[in-house]
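Here is a short tour for anyone who likes to look at a fold before setting up a calculation. Have the viewer open and follow along.

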Amino acid sequence: MACGGCNRTAPRDQRAAGLAIHVGDRSLARAAPRGPRLHLKSMKQVGVVDIAREAGVSTATVSRVLNGSGAVTEATRAHVREVIARLGYTPNAFAASLRKGRNDAIGIAVASISQPWHVKLIRELRRAIRAQGFTTIVYDLEHSEEVLIEHAESARRLRLAGMVLATGDRLDAPDVRAALDQLVETVPLVVIGQQLPDAGWTTVAFDDVTASEHAVQELLERRAKPVLFLGEAASSYLSEERRIGVERALRAAPELLEGSELVTLTAGMDYAAGYREVMARAASLSQFGTVFCVNDELALGACRAVHELGFSVPNDVMVIGYGDVDMLPYVVPSLSSVSGDVHAVAERVVPAIMAGIDGRRMPNPAKLQRRIVHRESTGGSGEQ
């Protein structure tokens with residue numbers, strides 16, 4: 001079979017089967033000894049003109065039936081619908097959105113689709129958005145300011161109905177802020193994670209400072225030893241919020257604050273980084289009672305390193321992550337985490353987007369609370 005610009009012909013058995021093959025402006029057809037012949041006409045995209053011709057009505061009447069508007073008798077409407085079904089007409093959603101001045105899709109942009117918590121969030125948001133009759137377009141920001149700006153411009157060009165932006169990366173860089181300010185002029189925007197001063201969008205965020213402070217307080221009650229904190233990064237707003245909470249808890253125990261270490265990560269916050277940072281502290285690991293990680297990927301990598309260094313989790317050192325992704329109850333030992341409920345996020349985000357789409361006032365910023373889930377890695381059960 002001919003393949004785009006490839007100079008290849010159909011295999012013998014396909015040519016003998018009587019296929020009609022469309023190649024550029026040419027067609028190749030072979031008669032089959034038996035069976036119906038597939039005509040090129042049947043492969044053509046059916047349009048409004050075809051429906052009007054077949055139904056014996058004007059194209060304006062077909063458009064009124066498709067849009068559900070205008071004065072059309074019930075008999076004519078039923079007849080046109082029967083023709084539409086018979087011809088297998090599929091409307092061009094993008095062209096329709098341009099005619100209406102707005103797309104029926106809502107964008108979901110996340111910091112990285114490789115992060116399991118963002119995958120959970122995308123699933124929950126898509127479920128809630130589809131329930132409102134809209135489709136979704138998912139954007140991977142790749143932890144890149146340039147990519148974020150490109151996607152913001154794309155959302156404007158596509159005239160998306162709304163946009164959800166979920167990222168812990170900072171949004172206060174001048175170019176990023178300018179792109180978002182321009183986006184909200186025409187597209188309702190909800191940001192998950194952080195609120196900027198005088199922002200023209202709604203924010204839904206967790207109170208990470210309080211959650212981190214409470215988590216460390218509980219861990220120090222279980223084991224009063226210094227904390228190894230993995231996750232500070234200049235580019236991450238959320239890691240700073242979590243560090244502030246950890247420091248608050250440690251300041252209440254100055255002797256533990258002095259022996260604790262808050263590690264700045266410069267090469268990502270993934271499994272490898274958690275593993276690498278703990279392995280680099282092989283000689284000093286015994287001084288820490290807890291490894292506190294700003295995401296679950298770091299914590300899983302840290303657990304592996306603790307094991308390889310001959311220490312026990314949680315008997316020698318406890319490990320806790322952030323996000324509570326689906327796999328954590330099933331690893332050994334099961335991993336404790338500071339949970340972020342994606343269902344609670346969607347319950348706030350989607351009504352806010354719908355308000356913006358409908359031209360209503362979007363709600364004020366919302367603060368959500370996290371839950372600390374203790375599993376085996378901090379001395380809890382593995383059942384949660």
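In this predicted model, strand β12 (residues 336-339) and β14 are antiparallel partners, joined over 3 bridges. One residue to pick out in β12 is Ser 337, whose bridge partner in β14 is Val 373.

Now step back to the whole sheet. Which strands form it, and in what order? There are 6 strands, arranged as β9-β8-β10-β11-β12-β14 in an open sheet with mixed pairing. At the edges sit β9 (261-264) and β14 (371-373), each of them pairing on one side only. On average, neighbouring strands of this sheet are turned by 20° against each other, with direction ignored. As a reminder, strands of a sheet pair through backbone hydrogen bonds, in either a parallel or an antiparallel way.

A helix belongs in this picture too: α11 lies across β8 (227-232), β9, β10 (290-293) and β11. Relative to β8, α11 runs at about 160°.

Next comes the largest pocket, with a volume of about 690 Å³. Its lining is made up of 37 residues, and Gln 115, His 118, His 143, Met 269 and Asn 295 are the ones nearest the pocket's centre. Elements that give two or more residues to this lining include α11 (237-251) and β11 (318-323), both met above, and also α7 (116-130), β7 (202-206) and α14 (296-308).

How do the lining residues divide by character? The table gives the split.

| Class of lining residue | Count in the largest pocket |
|---|---|
| Nonpolar | 16 residues |
| Polar | 14 residues |
| Charged | 7 residues |

Technical notes:
Residues are numbered from 1 along each chain as its sequence is written. This is a predicted model: local features need pLDDT of at least 70, side-chain atom pairs count only at pLDDT 80 or more; totals for chains, interfaces and linings use all residues. Side-chain values use heavy atoms; hydrogens and water are left out. On a 1 Å grid over the protein atoms alone, a cavity is a set of points where a 1.4 Å probe fits but cannot get out, and a pocket is an open set with protein on both sides within 12 Å along at least five of seven lines; lining residues have an atom within 4 Å of a point. Grid points are joined across faces, edges and corners, and a volume is the space filled by probe spheres set on the points. Helices (H or I, at least four residues) and strands (E, at least two) are DSSP runs, numbered from the N terminus. Ala, Val, Leu, Ile, Met, Phe, Trp, Tyr, Cys and Pro count as nonpolar, Asp, Glu, Lys and Arg as charged, and the others, Gly among them, as polar. Two strands pair if DSSP finds at least two bridges between them. Axes are lines fitted to C-alpha atoms, for helices over the stretch in contact, and angles run from 0 to 180 degrees between N-to-C directions. Contact means heavy atoms within 4.5 Å.
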